[in-house]
Amino acid sequence: MTPQNTVKTFILPSDGMGPRQCSDRFAVSLPRGRYCVADGVTNSYCGGIFAGLVCQDFISEKAPASAWRDDLESEKGRKEVLSEIFEEDCTALEKSLPSSEAVWLRRMKKRHVHGATTLAGITLEGNLIHYSVSGDSCLWIRKTSGDTLCIPAVESFTDMTEALTSDWSSVFGTLSGTLPLENGYVILATDALSAWMKRMTSSGEDPFTMLYSIPDQESFAIFIRDIRDGKGSEPLGDDDVCAIIMKIGDPEGDFALLSDPFTERLDALLEE
């Protein structure tokens, strides 16, 4: 069998939070080879909604991921449409909330005005991997040789100052580029998991094989809750967690997207 690629997607809210309170998002387009994770900034207006919108825009783009920033810069109408959709979705959310939560949301809008999100997105194209990253969501690469790369090279996951904003004023600070695609692991992860991966790799441990070995969403939830509780060699902060995990050149792979729906099933799991 010719080696292919296998893709797994996982997402989990902070402890005590339900899926609809999760600010992390991911999106995948297998036909276009596009993958994206985003983390809505806590101190922003409807950060989770904006994160989801950015993910959907990213995977719908036809140009390589490295050109996403430039395309947005040149398409004023596209940014205006995305901003309109964002405002409509936020308004719809406010109308659906109980009065006390709706008041809180209006206060967030008055205080922060715009939504904000981090981003880590890639396009796989032949033997190339195109990427765009902003903030502290990261692209991780582990080659079969053992060489490891993290983009961006974040020093502190608690002092993140860069993010995409819903007025698009900061999108042009996005870091973009192209690298050779080699056999091994490729992981897109939001900040909490990326911080844990950095500590693991710094101490000589292998988080790539560990994460890839997780078979399903339920097992992922158990794994994350265990290391949140200090059962692993490195702790994980209590924050939303989202990851797209790929094994490139997997002898047993079939380019399948392996994930459980992020629905009421997870709600039930969180209540156990």
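## Exercises on a predicted model

V133 stands opposite L175 in strand β9. The model is predicted, and the exercises below start from this pair.

**Exercise 1. Strand β5 and its partners**

Find which strands are joined to β5 by bridges, and how they run.

Solution.
- Step 1. Begin on the side of V133, whose opposite residue is L175. Strand β9, residues 175-180, is joined to β5 by six bridges, and the two run antiparallel.
- Step 2. Turn to strand β4, residues 116-125. Seven bridges join β4 to β5, again in an antiparallel arrangement. In this pairing L119 faces S134 of β5.
- Step 3. Look at the connection between β4 and β5. They form a hairpin with two residues between the strands, and G126 in that turn has a positive phi of about 65°.
- Step 4. Check the cover of β5, residues 128-134. Of its seven residues, six are buried, leaving the strand mostly covered.

**Exercise 2. A second hairpin**

Determine how many bridges join β6 to β7, and which residue of their hairpin takes a positive phi.

Solution.
- Step 1. β6 spans residues 138-143 and β7 residues 148-151; four bridges join them, and they run antiparallel.
- Step 2. One opposed pair is R142 and T148, the latter in β7.
- Step 3. Four residues lie between the strands of this hairpin, and G146 has the positive phi, near 100°.

**Exercise 3. T118 in strand β4**

Decide whether T118 is buried or exposed, and name the side chain joined to T118 by a polar contact.

Solution.
- Step 1. Place the residue: T118 belongs to strand β4.
- Step 2. The relative accessibility of T118 is 1%, so T118 counts as buried, the cut-off being under 20%.
- Step 3. The side chain of T118 makes a polar contact of 2.6 Å with that of S137.

**Exercise 4. Helix α1 and V54**

Establish how many residues of α1 are buried, and which residues V54 touches beyond four places in sequence.

Solution.
- Step 1. Helix α1 covers residues 47-60; its 14 residues reach 20 Å from first C-alpha to last, close to the 20 Å expected.
- Step 2. Of these 14 residues, 12 are buried, among them I49, F50, L53 and D57.
- Step 3. V54 lies in α1 and is buried, with a relative accessible area of 1%.
- Step 4. Setting aside residues up to four places away, V54 touches W68, T117, L119, L164 and W168. L119 is the residue that stands opposite S134 in β5.
- Step 5. Compare sequence and space: V54 and T165 are 111 residues apart in sequence, with their C-alpha atoms 9.9 Å apart.

**Exercise 5. The buried side of helix α7**

Explain why the buried residues of α7 are on the same side of the helix.

Solution.
- Step 1. Test the length. The 12 residues of α7, 217-228, should span 16 Å at 1.5 Å a residue, and the end C-alpha atoms are 16 Å apart, which agrees.
- Step 2. List the buried residues: Q217, F220, A221, F223, I224, I227 and R228.
- Step 3. These residues cover an arc of only 165° around the axis, so they fall on the same side of α7.
- Step 4. Relate this to helix geometry. An α-helix has 3.6 residues a turn, so residues three or four places apart point the same way.
- Step 5. Note what comes after the helix: α7 is followed by G230, with a positive phi near 85°.

**Exercise 6. Confidence**

Identify which elements have the lowest and the highest mean pLDDT.

Solution.
- Step 1. For the protein chain the mean pLDDT is 80, and 84% of residues reach 70 or more.
- Step 2. Helix α8, residues 264-270, has the lowest mean among the elements, 41; strand β10, residues 184-189, has the highest, 95.
- Step 3. Over residues 254-272 the pLDDT is below 50, although the stretch has 47 contacts in the model beyond near neighbours in sequence.
- Step 4. Where pLDDT is low, predicted coordinates should not be read in detail.

Conventions: Residues are numbered from 1 along each chain as its sequence is written. Side-chain values use heavy atoms; hydrogens and water are left out. Two strands pair if DSSP finds at least two bridges between them. The expected span of a helix is 1.5 Å times one less than its number of residues. Buried means under 20% relative accessible area, exposed over 50%, partly exposed in between (1.4 Å probe, protein chains only). The arc is that of the directions from the helix axis to the C-beta atoms. pLDDT is the predictor's confidence in each residue, from 0 to 100. Contact means heavy atoms within 4.5 Å. A polar contact is a pair of N or O atoms within 3.5 Å; within protein, one must be able to donate a hydrogen and the other to accept it, and residues adjacent in sequence count only if both atoms are side-chain atoms.
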